[in-house]
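This report goes through one small set of structural features in turn. Please look over the sequence and the structure before reading on.

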Amino acid sequence: MTTYEFTCPGCGQRGPVDGDVRNATVEYGCPVCGTEVSREHFLVH
Ligand SMILES: [Zn+2]
């Protein structure tokens with residue numbers, strides 16, 4: 001599965017996520033601070 005590097009624009013949270021987590025984060029916001037994020041905040045490894 002593809003791994004992405006997530007960087008939150010709100011709180012600076014960073015870490016690797018898989019595609020399912022990426023989709024959930026885009027839908028529901030950052031799991032740490034709730035900031036709305038988009039796919040551009042995920043870099044493909
Ligand atoms: Zn955040």
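The text below covers the overall fold, the metal site, the core and the charged pair.

**Overall fold**

The model is predicted. Its chain contains one helix and three strands, and along the sequence these follow the pattern β-β-α-β. Taken along the principal axes, the C-alpha atoms fill a box of roughly 25 × 20 × 15 Å. The chain has 45 residues, of which 31% count as buried. Among contacts between residues at least 6 apart in sequence, 38% join residues at least 24 apart.

**The zinc site**

Four cysteine sulfurs, the SG atoms of Cys8, Cys11, Cys30 and Cys33, are the protein donors of the zinc ion and lie 2.3 Å from it. Along the chain these donors follow the spacing C-x2-C-x18-C-x2-C. Cys11 sits in the loop between β1 (3–7) and β2 (14–18), while Cys30 sits in the loop between α1 (19–28) and β3 (42–44), so this pair ties together parts that are 19 residues apart in sequence.

The angles subtended by the four donor atoms at the zinc ion run from 103 to 114°. The arrangement is tetrahedral because these angles fall between 85 and 135 degrees. For reference, the ideal angle for four tetrahedral donors at a metal is 109.5 degrees.

The accessibility of three of the donors is listed here.

| Donor | Relative accessible area | Class |
|---|---|---|
| Cys11 | 37% | partly exposed |
| Cys30 | 5% | buried |
| Cys33 | 38% | partly exposed |

Cys30 is classed as buried because its 5% is under the 20% limit. Cys11, at 37%, is partly exposed because its value lies between the limits of 20% and 50%.

How many disulfides are there? The count is zero. A pair of cysteine sulfur atoms would have to lie within 2.5 Å to be counted.

**Around the site**

Leaving aside neighbours within four places in sequence, Cys8 is in contact with Gln13, Cys30, Cys33 and Thr35. Gly10 is found in the loop between β1 and β2 and counts as partly exposed, at 48% relative accessibility. With residues up to four places away in sequence not counted, Gly10 touches Cys33 and Thr35. Cys33 and Thr35 are thus among the contacts of Cys8 and are also touched by Gly10. The C-alpha atoms of Gly10 and Val32 are separated by 9.4 Å, although the two residues are 22 residues apart along the chain.

**The nonpolar core**

Which residues make up the largest nonpolar core? There are seven: Tyr4, Phe6, Cys8, Val17, Cys30, Val37 and Phe42. Cys8 and Cys30 belong to this core and are also among the donors of the zinc ion.

**The charged pair**

The structure holds one salt bridge. This salt bridge joins Glu5 and Arg14, whose closest N and O atoms are 3.9 Å apart. The pair counts as a salt bridge because 3.9 Å is within the 4 Å limit. Is each partner buried or exposed? Glu5 is buried, with a relative accessible area of 19%, whereas Arg14 is exposed, with a relative accessible area of 58%. In general, side chains of opposite charge can pair when their charged atoms come close.

Notes:
Residues numbered from 1 in each chain as written. Predicted model: local features only at pLDDT ≥ 70, side-chain atom pairs only at ≥ 80, totals over all residues. Heavy atoms only, no water. Donors = N, O, S within 2.8 Å, 3.2 Å for Na, K, Ca; no water. Tetrahedral: all angles 85-135°; square planar, octahedral: opposite > 155°, others 65-115°. Helix = DSSP H or I, 4+ residues; strand = E, 2+ residues; numbered from the N terminus. Buried < 20%, exposed > 50% of the residue type's maximum accessible area, 1.4 Å probe, protein only. Salt bridge = Lys/Arg side-chain N within 4 Å of Asp/Glu carboxyl O. Core = buried A, V, L, I, M, F, W, Y, C linked by side-chain atoms within 4.5 Å. Contact = heavy atoms within 4.5 Å.
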